[in-house]
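Work through the exercises below with the structure open beside you. Try each task before you read its solution.

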Amino acid sequence: MTAKVIDGKVFAATVRAQVQAHVAKLKADHGIQPGLAVVLVGEDPASQVYVRNKHASTIEVGMASFEHRLPEDTSEADLLALVNSLNGDPKVHAILVQLPLPAHLNSELIINTIDPAKDVDGFHISNVGLLGTGQKSMVPCTPLGCLMMLRDHHGSLAGLNAVVVGRSNIVGKPMAQLLLGDSCTVTIAHSRTKDLAAVCRGADILVAAVGRPEMITGDYVKPGATVIDVGINRIERDGKNKLVGDVHYESAAKVVGAITPVPGGVGPMTIACLLANALTACCRANGLPEPK
Ligand code: NDP
């Protein structure tokens, strides 16, 4: 059996083009330009790359990009003051504080200071509560991208057995909520789960968000299942740096029906969903219809 490769790059390009068209229409019809502010504290190399990519993609779709790069030793008071000024800035419709923050800063406090309507990552406690109770919210970008790919591949997800490996607040838990919202029967697995391979083999949909390179092998998957690999792990192989997922692609692809590659799967969709969320925030702020 040859698995279908779910191409996140192609899908993300389509989403970005839709956002770009909507942004152009907002400008032409209403003179409004959506604005996304990204705050980066410190020098974390992976975060620097993400922020650079986010900036370039924001400009590309015609939105205003406001970048705030602060030194590693920024005080909590200064960061809170910046977030509050962005909350009050009418040109800024969406705010993202790049995680992880340096250890001396209280991430929860910072995130919960963002205006929930501008919380484009969907991590504010109000948005978490809204999502959990099935109300309109800002939906975290990575799980949203996964859901879009799954809906596109399956049509309806109702009644499918979904297993999410990982229970983080930014991926695992919101992913499980979204799948439940689409009427999957959801299991959340984690480091204390007994016989993880057997749990995973019960999945029609398997989402891996573990952060362990190639942990989910072909023995963990059910024939014909759909596998979404959220993991981004940098490893060294044959003397070269390589990006691999949480799924062992070669062995899993021999068994499953469809699978996302790493790179080129979930990653590109995350940025596309960030732009889509920023556009949604702008439309809501201006009382205009939201993009579909
Ligand atoms: P976290 O480290 O916050 O969470 C990892 C989860 O995996 C935890 O719930 C942990 O369980 C669980 N876990 C760890 N080891 C095992 C194990 N041996 N068996 C079963 N479960 C295990 O990671 P994130 O959720 O932030 O990220 C997960 C992965 O996704 C990372 O590779 C990250 O780089 C990637 N990522 C990719 C994004 C993208 O855009 N593609 C965006 C965000 C993240 P426990 O809670 O019990 O400790």
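**Exercise 1. Strand β7 and its sides**

Task: In this predicted model, find which residues of strand β7 (residues 205–208) point one way and which the other way, and decide whether they are buried or exposed.

Solution.
- Step 1. Take one side. I205 and V207 point one way from β7.
- Step 2. Take the other side. L206 and A208 point the other way.
- Step 3. Check burial. The cut-off for a buried residue is 20 or more other C-beta atoms within 10 Å of its own. All four named residues of β7 are buried.

**Exercise 2. The sheet around β7**

Task: Find the strands that pair with β7, then give the order of the whole sheet.

Solution.
- Step 1. Start with β5 (residues 161–165). Four bridges join β5 to β7, and the two run parallel. Within this pair, V164 stands opposite V207.
- Step 2. Go to β8 (residues 226–229). It also pairs with β7 in the parallel sense, over four bridges. Here A208 has D229 as its bridge partner.
- Step 3. Extend to the full sheet. Six strands form an open sheet in the order β1-β11-β8-β7-β5-β6, with parallel pairing.
- Step 4. Mark the edges. They are β1 (4–5) and β6, and each pairs on one side only.
- Step 5. Add a helix. α7 lies across β5, β6 and β7, and runs at about 170 degrees to β6.

**Exercise 3. The three-stranded sheet**

Task: In what order do the three strands of the other open sheet stand, and why does each edge strand have one side without a neighbour in the sheet?

Solution.
- Step 1. Read the order. It is β3-β2-β4, and the pairing is parallel.
- Step 2. Look at the edges. β3 (64–70) and β4 (94–97) each have a single partner strand, so one side of each has no neighbour in the sheet.
- Step 3. Note the turn between strands. Neighbouring strands are turned by 15 degrees against each other on average, direction ignored.
- Step 4. Inspect one pair. β2 (residues 35–41) and β4 pair in the parallel sense over four bridges. V38 stands opposite L96 in β4.
- Step 5. Place the helices. α2 (residues 45–60) packs on the sheet and touches β2 and β3; its direction makes about 165 degrees with that of β2. α3 (residues 76–87) packs on the sheet too, touching β2, β3 and β4, and its direction makes about 175 degrees with that of β2.

**Exercise 4. Helix α1**

Task: Test the span of helix α1 (residues 8–30) against 1.5 Å a residue. Then find which elements its buried residues pack against.

Solution.
- Step 1. Get the expected span. The helix has 23 residues, so at 1.5 Å a residue it should span 33 Å.
- Step 2. Compare. The end C-alpha atoms of α1 are 32 Å apart, which agrees.
- Step 3. List the buried residues. They are G8, F11, A12, V15, V19, H22, V23 and L26.
- Step 4. Explain the spacing. An α-helix has 3.6 residues a turn, so residues three or four places apart point the same way.
- Step 5. Find the partners. The buried residues of α1 pack against α6 (141–154) and α10.
- Step 6. Look past the end. G31 follows α1, and its phi is positive, near 65 degrees.

**Exercise 5. Backbone exceptions**

Task: Locate two cis peptide bonds and two residues other than glycine with a positive phi.

Solution.
- Step 1. Recall the rule. Most residues other than glycine have a negative phi, and most peptide bonds are trans.
- Step 2. Take the cis bonds. One joins L99 and P100, with omega about 0 degrees. P100 lies in the loop between β4 and α4 (107–113). Another joins V262 and P263, again with omega about 0 degrees. P263 is in the loop between β11 (258–259) and α10.
- Step 3. Take S183. Its phi is near 65 degrees. S183 lies in the loop between α7 (172–181) and β6 (185–189). S183 is exposed, with 12 other C-beta atoms within 10 Å.
- Step 4. Take D195. Its phi is about 45 degrees. D195 lies in the loop between β6 and α8 (196–201). D195 is exposed, with 9 other C-beta atoms within 10 Å.

**Exercise 6. The ligand shell**

Task: How many residues surround the ligand, and which helix gives the most to the shell?

Solution.
- Step 1. Count. 25 residues surround the ligand.
- Step 2. Name the closest. They are G166, S168, S191, G211 and T270.
- Step 3. Sort by class. The shell has 10 nonpolar, 12 polar and three charged residues.
- Step 4. Pick the helix. α10 (residues 266–285) gives the most, with three residues.

Key. Residues numbered from 1 in each chain as written. Predicted model: local features only at pLDDT ≥ 70, side-chain atom pairs only at ≥ 80, totals over all residues. Near = placed C-beta within 6 Å. Nonpolar A, V, L, I, M, F, W, Y, C, P; charged D, E, K, R; others polar. Expected span 1.5 Å × (residues − 1). Contact = placed C-beta atoms within 7 Å. Pairing = 2+ DSSP bridges. Axes fitted to C-alpha atoms, helices over the stretch in contact; angles between N-to-C directions.
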